[in-house]
Amino acid sequence: MSEKSAAIARIWRGRTLPENADSYCAYLHEHGVKKLESLGALGVQMLREDREGDSYFMVVSFWESRDAMTRWAGEDPNRIRHLDRDREFLIELPASVQILDVVSNSFRPT
């Protein structure tokens with residue numbers, strides 16, 4: 001994370017079939033995570049859980065303020081900004097994201 005303190009976390013969730021998980025993971029990182037980093041997010045984490053019937057992904061981006069986040073996300077920051085190939089990979093398209101205030105952060109990179 002950046003030296004600036006994150007005030008907002010924007011959380012996106014999606015699921016794909018296990019046979020598509022590795023390809024989607026690479027795609028999501030290249031076209032989602034890297035884009036968020038280049039557009040002003042203080043930090044981005046991509047998480048993955050492989051389960052029996054699906055693979056679950058979560059992307060958490062951290063922002064300095066709601067204003068900083070809405071400059072990227074638009075007037076409705078809960079609105080999903082689907083990637084071009086999400087329909088191809090995802091089991092269903094998420095309807096919204098979750099936005100939370102960051103009240104504590106003790107993450108220490110290795």
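Reader: What is the relative accessible area of Lys-34?
Author: This is a predicted model: local features need pLDDT of at least 70, side-chain atom pairs count only at pLDDT 80 or more, and totals for chains, interfaces and linings use all residues. Residues are numbered from 1 along each chain as its sequence is written; side-chain values use heavy atoms, without hydrogens and water. Buried means under 20% relative accessible area, exposed over 50%, and partly exposed in between (1.4 Å probe, protein chains only). Lys-34 is partly exposed, at 37%.

Reader: Which element holds Lys-34?
Author: Helices (H or I, at least four residues) and strands (E, at least two) are DSSP runs, numbered from the N terminus. Lys-34 belongs to helix H1.

Reader: In what order do the four strands stand in the sheet?
Author: Two strands pair if DSSP finds at least two bridges between them. The pairing here is antiparallel and the sheet is open. Strands E2 (43-50) and E4 (98-101) form the edges, each pairing on one side only. The order is E2-E3-E1-E4.

Reader: By how much are neighbouring strands turned against each other on average?
Author: Axes are lines fitted to C-alpha atoms, for helices over the stretch in contact, and angles run from 0 to 180 degrees between N-to-C directions. For the average turn between neighbouring strands, direction is ignored. The value is 20°.

Reader: How many bridges pair E1 with E3?
Author: E1 covers residues 8-16 and E3 covers residues 55-63. Ile-8 has Trp-63 as its bridge partner in E3, Ile-11 has Val-60, and Arg-15 stands opposite Tyr-56. The two strands are antiparallel, and their bridges number nine.

Reader: How many residues make the hairpin connection from E2 to E3?
Author: E2 and E3 run antiparallel, joined by eight bridges. Val-44 has Ser-61 as its partner in E3, and Met-46 stands opposite Val-59. The hairpin joins the two strands through four residues.

Reader: Which residue of E4 stands opposite Ile-8?
Author: Four bridges join E1 to E4, and the two strands run antiparallel. Opposite Ile-8 in E4 stands Asp-101.

Reader: How many of the nine residues of E3 are buried?
Author: E1 is mostly covered, with seven of its nine residues buried. E3 is largely enclosed by the rest of the structure, because its buried residues number eight.

Reader: Which strands does helix H2 lie across?
Author: Contact means heavy atoms within 4.5 Å. Helix H1 (residues 21-38) packs on the sheet and touches E1, E2 and E3, its direction making about 165° with that of E2. Helix H2 (residues 66-73) runs at about 40° to E1. H2 lies across E1, E3 and E4.

Reader: What is the volume of the largest pocket?
Author: On a 1 Å grid over the protein atoms alone, a cavity is a set of points where a 1.4 Å probe fits but cannot get out; a pocket is an open set with protein on both sides within 12 Å along at least five of seven lines, and lining residues have an atom within 4 Å of a point. Grid points are joined across faces, edges and corners, and a volume is the space filled by probe spheres set on the points. The largest pocket has a volume of about 320 Å³.

Reader: Which element gives the most to the lining of that largest pocket?
Author: The lining has 18 residues, with Gly-32, Leu-36, Trp-72, Arg-81 and Leu-83 nearest the centre. Elements giving two or more residues are E1, H1 and E3. With seven residues, the one that gives the most is H1.

Reader: How many nonpolar residues does the lining of the largest pocket have?
Author: Ala, Val, Leu, Ile, Met, Phe, Trp, Tyr, Cys and Pro count as nonpolar; Asp, Glu, Lys and Arg count as charged; the others, Gly among them, count as polar. The lining of the largest pocket has four polar and four charged residues. Its nonpolar residues number 10.

Reader: Is Ile-99 buried or exposed?
Author: Ile-99 is found in strand E4. Leaving out residues up to four places away in sequence, Ile-99 touches Ile-8, Ala-9, Arg-10, Arg-66, Met-69, Pro-77 and Asn-78. Its relative accessible area is 15%, so Ile-99 is buried.

Reader: How far apart in space are the C-alpha atoms of Asn-20 and Ala-9?
Author: Asn-20 is found in the loop between E1 and H1. Asn-20 is partly exposed, with a relative accessible area of 24%. Along the chain, Asn-20 and Ala-9 are 11 residues apart; their C-alpha atoms are separated by 27 Å.
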